[in-house]
Amino acid sequence: MPAQLVSIEVAPDLVDQVYRALLGAISSGELAPGERLTQEDIAQRLAVSRQPVLQALRLLKKDGFVHDAPGRGVLVAPLDPDWMRKVYQVRGALDVLAARLAAAERFRIDPKLMERGRRAARGRNVEAMIDADMAFHQVIYAASGNPLIAQSADQHWRHLRRAMGAVLQAEPQRESLWDEHEAIAAAIAAGDAGEAARLSEEHVARASEALGRRLAEQLARAASPASAPSSPSHPRTTQGDTA
């Protein structure tokens, strides 16, 4: 007798599209920490039914991006500097391993990718800055030859992207970040695994420290009675490093 399977009422790709749209808005800061979200409002804004929104919110809750809100709906999860520090610790270990393995292959990163990053750093598009930054590290993950590195790092990058988006919401990224990327890329291309690992470790440590400091400053200002009431979730920052 054939197995009885429950029919699927919502197309998985639609749920994924809603999930990615919401995650992108949370990551960029468009949906701010503490902001209340309801199924009805999201469904209307995305022009979809409530069912895929419900499924997407369940996934976002499982991944730690939203929490249950008092009453109806959910709240965008707050940004926790201590949690981000822990995320950076894991991501740093993955970056060091990837750099070592990529250096063993003397992998050469496409100069166009580096130029794209520098061009983004000179602009004011936060999404473009973060996309270019992620692309650089993802290329090294792929070059390592170990697919488990990219798979493991992807989970952490989702949270890192969100924190980076909050910090860089108003200010451009410094180009010095791409000087560090250039040095890492050069060590990998030269086959110097030790130097590539050292530079990667230092790069992540500096990024973690800078991001944690600026994020803590933002949260302190947002909690202060002197904070501007019109935009407590998007305080201005000084120019910041990402990773």
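Biologist: Which residues in α6 do Leu 113, Met 114, Arg 116, Gly 117 and Ala 120 in α5 meet?
Modeller: Happy to start there, with the reminder that this is a predicted model. The axes of α5 and α6 come within 8 Å, and the two helices form a left-handed crossing. The residues in α6 that those five in α5 meet are Ala 128, Met 129, Asp 131, Ala 132, Ala 135, Phe 136 and Val 139.

Biologist: How do the residues of that contact of α5 with α6 divide into nonpolar, polar and charged?
Modeller: Let's sort a few by class. Alanine and methionine count as nonpolar, glycine as polar, and aspartate and arginine as charged. Taken together, the residues of the contact between α5 and α6 come out as nine nonpolar, one polar and two charged.

Biologist: Are α5 and α6 roughly parallel or roughly antiparallel to each other?
Modeller: The angle is the thing to check here. The axes of α5 and α6 cross at roughly 155 degrees, and angles over 145 count as roughly antiparallel. The relation of α5 to α6 is therefore roughly antiparallel.

Biologist: Let's move to another partner of α5. Which residues of α8 make the contact with α5?
Modeller: Helix α5 covers residues 111-122 and helix α8 covers residues 176-189, with axes 9 Å apart. Their crossing is right-handed. On the α5 side, the contact is made by Leu 113, Met 114, Gly 117, Arg 118 and Ala 121. On the α8 side it is made by Trp 178, Asp 179, His 181 and Glu 182.

Biologist: How many charged residues does the contact of α5 with α8 have?
Modeller: Aspartate, glutamate and arginine belong to the charged class. In this contact, Arg 118 of α5 takes part, as do Asp 179 and Glu 182 of α8. Next to four nonpolar and two polar residues, the number of charged ones is three.

Biologist: And what is the angle at which α5 and α8 pack?
Modeller: Anything over 145 degrees counts as roughly antiparallel, and α5 is roughly antiparallel to α8. The packing angle of these two helices is about 165 degrees.

Biologist: Are α4 and α6 oblique or roughly parallel to each other?
Modeller: Helix α4 spans residues 81-104 and helix α6 spans residues 126-143, and their axes come within 8 Å. The axes cross at roughly 55 degrees, while roughly parallel would need an angle under 35 degrees. So α4 and α6 are, to each other, oblique.

Biologist: Which residues of α6 make the contact with α4?
Modeller: This crossing of α4 and α6 is left-handed. From α4 come Arg 91, Asp 95, Ala 98, Ala 99 and Ala 102. The contact has six nonpolar, one polar and two charged residues. Its residues from α6 are His 137, Ile 140, Tyr 141 and Ala 143.

Biologist: Now some loops. Is Ala 47 buried or exposed?
Modeller: Ala 47 sits in the loop between α2 (39-46) and α3 (50-62). Its phi is positive, about 60 degrees, although Ala 47 is not a glycine. A relative accessible area over 50% counts as exposed. With 70%, Ala 47 is therefore exposed.

Biologist: What is the phi of Arg 106?
Modeller: Arg 106 is placed in the loop between α4 and α5, and at 52% relative accessibility it counts as exposed. Its phi is positive in a residue other than glycine. The value is near 50 degrees.

Biologist: Beyond its neighbours within four places in sequence, which residues is Asp 63 in contact with?
Modeller: Asp 63 lies in the loop between α3 and β2 (66-68) and, at 22% relative accessibility, counts as partly exposed. Its C-alpha atom is 8.8 Å from that of Gln 155, which is 92 residues away along the chain. Leaving those neighbours aside, the contacts of Asp 63 are Tyr 19, Arg 158 and His 159.

Biologist: One last residue: what is the relative accessible area of Leu 75?
Modeller: Leu 75 is found in strand β3 (residues 74-76). Not counting residues up to four places away in sequence, it touches several others, including Phe 65, Val 66 and His 67. Leu 75 is partly exposed, and its relative accessible area is 24%.

Conventions:
Residues numbered from 1 in each chain as written. Predicted model: local features only at pLDDT ≥ 70, side-chain atom pairs only at ≥ 80, totals over all residues. Heavy atoms only, no water. Axes fitted to C-alpha atoms, helices over the stretch in contact; angles between N-to-C directions. Helix = DSSP H or I, 4+ residues; strand = E, 2+ residues; numbered from the N terminus. Parallel < 35°, antiparallel > 145°, perpendicular 65-115°, else oblique. Left-handed = near helix turned anticlockwise from the far one by under 90°. Contact = heavy atoms within 4.5 Å. Buried < 20%, exposed > 50% of the residue type's maximum accessible area, 1.4 Å probe, protein only.
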